[in-house]
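Here's an informal walk through one protein chain, from its surface to its charged pairs. Have a look at the fold, and then read on.

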Amino acid sequence: MDGVGSFGAGLAGAAFDPVSFIKQPTTILRVLSWVFSLVVFASIVNEGYVNLGSERLHCVFNKNADACNYGVFCGLVGLLLCSFFFLLDVKFQQISSIKDRKKAVMLEVGVSGFWTFLWFVSFCFLANQWSRTAPEDLPLNQGADAARASIAFSFFSILTWAGLTVRAVQKYLLGTDMTLFTTDHLDGVAPVTPYPPTTTGGTIEPSDNYQSPPFTEGLEAPAPTYQVPIY
C-alpha cells in the first residue's frame, strides 16, 4: 500500500503531497470512475430518449423507461460518490483517530463493493434491453451511439469500482502499523538493574547479584552482652 501508518495513510497532521496523491492507484481509479459515470449519465440524458412521431419521448432501450432511469441513477449517484470519496481521500491523512479511520475505510469497502454490483446489473440490464430493441423503433438510428456508449462505460465502471473495492480491502487489512507504537521492551533490550554498582576512584566495584534493601545496614549491629557483676 502507499504510505505508512494507520490504514495505509501517513501520520496525522503530515504535509499533504499532491503529486504523490495523484500518482496513487486509488486516485487514478477514482478519477476514471468519475469520468465513466459522467459518460453514462450524459449519454442517456442527452440522447437516450427519442420522439417517435408524438410528443412523448421513449427510451432507446426497447422503450423501457426503467432501463434509462436505472442508467441515469447509477451515473448520477456514481458521480456524487466519486466526488465524496475523493475529498475523503484528501482529508484522510488529517484524521487522527484510528477508530474514525477504520469507519471511513469500512464505509469505502461497503459502498465500493455495492456499487460494483450495481454497475454489473446496469451493464446486464442495458445490454439485454438494447438487444431487444427493434430497428424500426430507432428511425435514422437515433440514440444508437448513446446506447452503445452507456453499455460500454457501464462495463468499464465495473472494472474501476472493483479495483477501488480491492484497494479499500487492502487498506482495511493493512490496519494499524504497529511499528508506530513499538517500545524498548519489545526489542529485546536487557533489563536495567535496580541498584547499579558503585564507583570508587573511577573504577567500578563488582557487586553480587543480591543487594540488600536500603536503610538496613545499621539495623544488623550485634547486640551488647550483659555481664553479671561479682560482689
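A residue is called buried at under 20% relative accessible area, exposed at over 50%, and partly exposed in between (1.4 Å probe, protein chains only). With 55% relative accessibility, L87 therefore counts as exposed. Before going further, a word on provenance: this is a predicted model, where local features need pLDDT of at least 70 and side-chain atom pairs count only at pLDDT 80 or more, while totals for chains, interfaces and linings use all residues. Numbering starts from 1 along each chain as its sequence is written, and side-chain values rest on heavy atoms, with hydrogens and water left out.

**Overall layout**

The protein has five helices and four strands; both are DSSP runs numbered from the N terminus (helices H or I, at least four residues; strands E, at least two). Reading from the N terminus, the order is α-α-β-β-α-α-α-β-β. Of the 231 residues, 33% count as buried.

Helix 4 has 34 residues and reaches 49 Å from its first C-alpha to its last, close to the 50 Å expected at 1.5 Å a residue. That expected span is 1.5 Å times one less than the number of residues. At the N-terminal end of helix 4, S97 acts as a cap, with a side-chain oxygen 3.4 Å from the backbone nitrogen of K99. For such polar contacts, the N or O atoms must be within 3.5 Å, one able to donate a hydrogen and the other to accept it, and residues adjacent in sequence count only if both atoms are side-chain atoms.

**The annotated stretches and the greasy patch**

The unreviewed UniProt entry annotates "transmembrane region" over residues 31–50, 70–88, 109–130 and 150–169; such annotations may be inferred rather than shown by experiment. In the model, residues 31–50 are 85% helix and 10% strand, with the end C-alpha atoms 31 Å apart. Residues 70–88 come out as 100% helix and 0% strand, with 26 Å between the end C-alpha atoms.

L87, found in helix 3, belongs to a nonpolar surface patch with V31, W34, V35, L38 and F86, and together they have about 490 Å² of accessible area. Helix 2 (25–47) and helix 3 (65–91) are the elements giving two or more residues to this patch, and the largest share, four residues, comes from helix 2. Patch members have over 30% relative accessible area and no salt bridge; nonpolar side chains are joined within 5 Å, like charges within 9 Å. The areas come from the Shrake-Rupley method with a 1.4 Å probe.

**Charged pairs**

How many salt bridges does the structure hold? There are four, each one a side-chain nitrogen of Lys or Arg within 4 Å of a carboxyl oxygen of Asp or Glu. Among them are these:

| Pair | N to O distance |
|---|---|
| D89 and R30 | 2.9 Å |
| E108 and R30 | 2.8 Å |
| R148 and D145 | 3.5 Å |

D89 pairs with R30 in a salt bridge. D89 sits in helix 3 and R30 in helix 2, so this pair ties together parts 59 residues apart in sequence. Both D89 and R30 are buried.

R30 also meets E108 in a salt bridge. This pair links helix 4 (residues 98–131), home of E108, to helix 2, home of R30, across 78 residues. E108 is buried too, as is R30.

What about R148 and D145? They are three residues apart in helix 5 (residues 144–174), which means about one helical turn between them. R148 is partly exposed at 44% relative accessible area, whereas D145 is exposed at 58%. Elsewhere, salt bridges that share partners join R30, D89, E108 and K171 into one network.
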